[in-house]
Amino acid sequence: MPKLEMISKHPLNSLRPTPLLFIHGTLHTASCWDVHFLDYFAGHGFASYAVNLRGHGKSEGREKLRWTRIADFVEDVTKAVQQLPSPPILIGHSMGGFIVQKYLQDHDAPAAVLLSSPSPAGLLPTAIRTARRQPWVFAKVSLTMSLKPLIATPQLVGEAFFSNDLPDDLLLEYWKQTQDDSFMAFLDMVALDLPRPEKVKTPLLVLGVGRDNMIAPREIEATARAYNTHAEIILHVAHNSMLDPRWQSVADRILTWLKEVDTGAGIGKTQGNSEPLEIENPTLLP
């Protein structure tokens, strides 16, 4: 089992009893949560953690990443959950949301947020859209069995993940934070290892965004139907909503839902007399 890097931010005053665990998407690392979201939710009382899945960031497993399966990433989430002081609320973006769906088939959680997540029917619609939008790039992905051609330039990353009004300097910075990812996990999400919604009992927030070039609103709605809930679409935000200029509209909605949902774990209540905690540096889980 590879060692996993974990980034964490803690409240300095009142602490809510249920921590948050953020899971990143394809071609990204946990650093995407460390720009806005970790500080935001820590500032509202939640101990906030973001795990780098194996082969990502400083986590071990880069040499085997191409052949890593979704089931392996689910193992990583299981390991991260076991390291936390209490069962966390899971917040997964894109592939991270797919991994959360797979994790919840066999594990309980206080609650979970699926943010721009592929539906249980799979990632085939996204693959088709990408192939139509960038046929030569997608052909190279298929021939090399590598997802890296999808992020070869800042322009490709901007078109896939960001709003047009993201400043160029930020686009360049975020592009430098992307990395290659697992070709096998991509195939798992297309068809080989799809979620089973009937096994999931966890309260879910199914959240999408209006400017998403990867996961269309109708796919977000299909996900919500599969889990017998309703979808919410936040307009004027692109796929990488945690880095979008309007990121706070997404964070605000998640925070409101966390306060509203009744999980029996006291999510909306603050523990009194808690000791201030320092912001922690990234650590490696053994």
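These are my notebook entries on a predicted model of one protein.

**Ground rules**

I number residues from 1 along each chain as its sequence is written, and my side-chain values use heavy atoms, with hydrogens and water left out. Since this is a predicted model, I ask for a pLDDT of at least 70 for local features and 80 or more for side-chain atom pairs, while totals for chains, interfaces and linings use all residues.

**Entry 1: the whole protein**

I looked up the secondary structure first. The protein has ten helices and eight strands. Helices (H or I, at least four residues) and strands (E, at least two) are DSSP runs, numbered from the N terminus.

Next I checked the overall dimensions. The C-alpha trace spans about 60 × 40 × 40 Å along its principal axes. The radius of gyration is 18 Å, which agrees with the value near 19 Å for a compact globule of 286 residues. This radius is taken over C-alpha atoms, and the globule rule is 2.2 Å times the number of residues to the power 0.38.

Then I looked at the cover. Of the 286 residues, 56% count as buried. Buried means under 20% relative accessible area, exposed over 50%, and partly exposed in between (1.4 Å probe, protein chains only). The accessible surface comes to about 12400 Å², and 53% of it belongs to carbon and sulfur atoms. These areas come from the Shrake-Rupley method with a 1.4 Å probe; for residues, only the protein chains shown count as cover.

I also looked up contacts, meaning heavy atoms within 4.5 Å. Among contacts with a separation of 6 or more, 76% join residues 24 or more positions apart.

Last came the charges. I found 27 positive and 31 negative ones, with mean positions 5 Å apart. Lys and Arg count as positive and Asp and Glu as negative, while His and the chain ends are not counted. Each charge is placed at NZ of Lys, CZ of Arg, CG of Asp or CD of Glu.

**Entry 2: strand E1**

How many residues of E1 are buried? I found six of six, over residues 4–9. Leu4, Met6 and Ser8 point one way, and Glu5, Ile7 and Lys9 point the other way. E1 pairs with strand E3 (residues 48–51) in the antiparallel sense, over four bridges. Two strands pair if DSSP finds at least two bridges between them. I picked out one partner: serine 8 bridges to tyrosine 49 in E3.

**Entry 3: helix H6 and the loop after it**

H6 is mostly covered, with six of its eight residues buried. They are Pro154, Leu156, Val157, Gly158, Ala160 and Phe161. I traced what they pack against: helix H4 (124–133), helix H5 (135–144), H7 and E7.

Phenylalanine 162 sits in the loop between H6 (154–161) and helix H7 (168–176). Is phenylalanine 162 buried or exposed? It is buried, because its relative accessible area is 6%. Beyond residues up to four places away in sequence, phenylalanine 162 touches Val157, Leu171, Tyr174, Ala238, Asn240 and Leu243. I also took one distance: the C-alpha atoms of phenylalanine 162 and aspartate 180 are 18 Å apart, with their positions 18 residues apart along the chain.

**Entry 4: strand E7**

Glutamate 232 lies in E7 (residues 231–238). Glutamate 232 counts as buried because its relative accessibility is 18%. Its contacts, not counting residues up to four places away, are Leu205, Val206, Leu207, Gly208 and Arg253.

Histidine 236 is in E7 too. At 46% relative accessible area, histidine 236 is partly exposed. With residues up to four places away set aside, histidine 236 touches Ser163, Arg211, Asp244 and Arg246. Arginine 211 is 25 residues away from histidine 236 in sequence, but 5.8 Å away in space, C-alpha to C-alpha.

**Entry 5: positive phi**

Most residues other than glycine have a negative phi. I noted two with a positive value. Phi of histidine 236 is near 65 degrees. Asparagine 228 has a phi of about 55 degrees. Asparagine 228 lies in the loop between helix H9 (217–226) and E7. Asparagine 228 counts as exposed, because its relative accessibility is 74%.

**Entry 6: glutamine 105**

Where is glutamine 105? I found it in the loop between helix H3 (95–104) and strand E5 (112–115). Glutamine 105 is buried, at 11% relative accessibility. Leaving aside neighbours within four places, glutamine 105 contacts Leu194, Pro195, Arg196, Lys199 and Val200.
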